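Walk through this fold one sheet at a time. Keep the model open while reading.

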Amino acid sequence: MNGPVIQLDQTARVYRTGDVEVHAVRAVSLEIQRGEFVAIMGSSGSGKSTLMNILGCLDRPTGGTYRLDGVSVADLSRRQLATLRNRKLGFVFQNFNLLARTTALENVELPMFYRKPLMPLRTQRRRAVEALEKVGLGDRLHHRPSQLSGGQQQRIAIARALVNEPEVVLADEPTGNLDTRTSIDIMGLFEDLNEAGITVVMVTHELDIASYCKRIIVMRDGLVLSDTPNTTRRHARKERTMLEAAEKSARLT
């Protein structure tokens, strides 16, 4: 389908607490094309998390329109919305949101149980294995989250987001609980996914993480303050190679 994969037109979200109205998102209009790599930035209370919930069909706008791959979200029932979300979107969260008592493979298989029509179990297993291999965890299929590092757990979360072959991956502070080296590795993985044609939209409050993206949207008080291409973009894979070379040099000396 031609046209933007995400289209917001005067989209707003108002919450009511008693007689008080909280305008979390105020008349936001923007488009995100297929294959873009976008960061949404802003301080706490800027509206970026609410906007991400709207993009992820986890919350409905109270004003304006939101179209996901040409489909108006407001026109869908809860069941239709769940189907659209499961087919079109993959989610990556700051806290990984993995099931502690299940293996990496079982965590990645989970979204496929909600896909309609349900695919054969053998196909689910094959796709889960392929997704874990894609993120470099083909040798950790039967490990539980407690047996893995934070970076490895986030890789499982990314594999889980990819297993239904989504149009868009939405990442909410995906490096918030990771150290610098691991953050570079994870951003390198997002770069690879984007180069493979997946649209990536990432919420972050960290400028150094946003600097890996191709486009940066800054929010304040529910409004889009700026929306600009990133002309000084950093490249995680290049930085990772330089870091590895520096570490190797330090060991030799």
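What follows goes from the two sheets to the helices that lie across them.

The model is predicted. Begin with the open sheet of six strands. Its order is 6-7-8-3-9-10, and its pairing is mixed. Strand 6 (89–93) and strand 10 (223–229) stand at the edges. Each has a single partner strand, so one side of each is left without a neighbour in the sheet. From one strand to the next, the twist averages 15°.

Now move inside this sheet, to strand 8. How many of the six residues of strand 8 (residues 199–204) are buried? Six of the six are, so strand 8 is largely enclosed by the rest of the structure. Buried here means under 20% relative accessible area. The side chains can be followed face by face. T199, V201 and V203 point one way from strand 8. V200, M202 and T204 point the other way. Residues on both faces are buried.

Strand 8 has a parallel partner in strand 7 (residues 168–172), and five bridges join the two. Within that pairing, A171 has M202 as its bridge partner in strand 8. Strand 3 (residues 37–41) also runs parallel to strand 8, again joined by five bridges. Here V38 stands opposite V201, and A39 stands opposite M202. M202 is thus a useful landmark: its bridge partners include A171 of strand 7 and A39 of strand 3.

Strand 3 gets similar treatment. Five of its five residues are buried, so strand 3 too is largely enclosed by the rest of the structure. F37, A39 and M41 cover one side. V38 and I40 lie on the other, and these are buried as well. Strand 3 also pairs with strand 9 (residues 215–220), in the parallel sense and over four bridges. A39 appears again in this pairing, where it stands opposite I216 of strand 9.

The sense changes at the next step. Strand 9 and strand 10 pair in the antiparallel sense, over six bridges. One marker for this pairing is V218, whose bridge partner in strand 10 is S226.

Return to strand 7 and follow the chain onward. Strand 7, helix 6 (residues 180–195) and strand 8 make a β-α-β unit. Is that unit right-handed or left-handed? It is right-handed.

Helix 6 also meets helix 8 (residues 236–252). Their axes come within 8 Å and cross at roughly 140°. The crossing is left-handed. Helix 6 contributes R181, I184, D185, M187, G188, E191, D192 and E195 to the contact. Helix 8 contributes A236, R237, E239, R240, L243, E244 and E247. What kinds of residue make up this contact? Four are nonpolar, one is polar and ten are charged.

Turn next to the other sheet. It is an open sheet of four strands, in the order 2-1-4-5, with antiparallel pairing. Strand 2 (20–32) and strand 5 (71–72) stand at its edges. Each has a single partner strand, so one side of each is left without a neighbour in the sheet. Strand 4 (residues 63–68) and strand 5 pair in the antiparallel sense over two bridges. L68 stands opposite V71 of strand 5 in this pairing.

Where does helix 1 (residues 48–55) lie relative to this sheet? Helix 1 lies across strand 1 (6–17), strand 2 and strand 4, and runs at about 120° to strand 1. Helix 1 also lies across strands of the six-stranded sheet: strand 3, strand 6, strand 7, strand 8 and strand 9. Against strand 8, helix 1 runs at about 150°. Helix 1 therefore has contacts with strands of both sheets, where contact means heavy atoms within 4.5 Å.

Burial in helix 1 can be read next to those contacts. Six of its eight residues are buried, and the helix is mostly covered. The buried residues are K48, T50, L51, M52, I54 and L55. Just after helix 1, C57 takes a positive phi of about 60°.

One more helix remains on the tour. Helix 5 (residues 150–162) lies across strand 6 and strand 7. Helix 5 runs at about 165° to strand 6.

Technical notes. Residues numbered from 1 in each chain as written. Predicted model: local features only at pLDDT ≥ 70, side-chain atom pairs only at ≥ 80, totals over all residues. Heavy atoms only, no water. Buried < 20%, exposed > 50% of the residue type's maximum accessible area, 1.4 Å probe, protein only. Pairing = 2+ DSSP bridges. Right-handed = clockwise from strand over helix to strand, strands pointing away. Axes fitted to C-alpha atoms, helices over the stretch in contact; angles between N-to-C directions. Left-handed = near helix turned anticlockwise from the far one by under 90°. Nonpolar A, V, L, I, M, F, W, Y, C, P; charged D, E, K, R; others polar.
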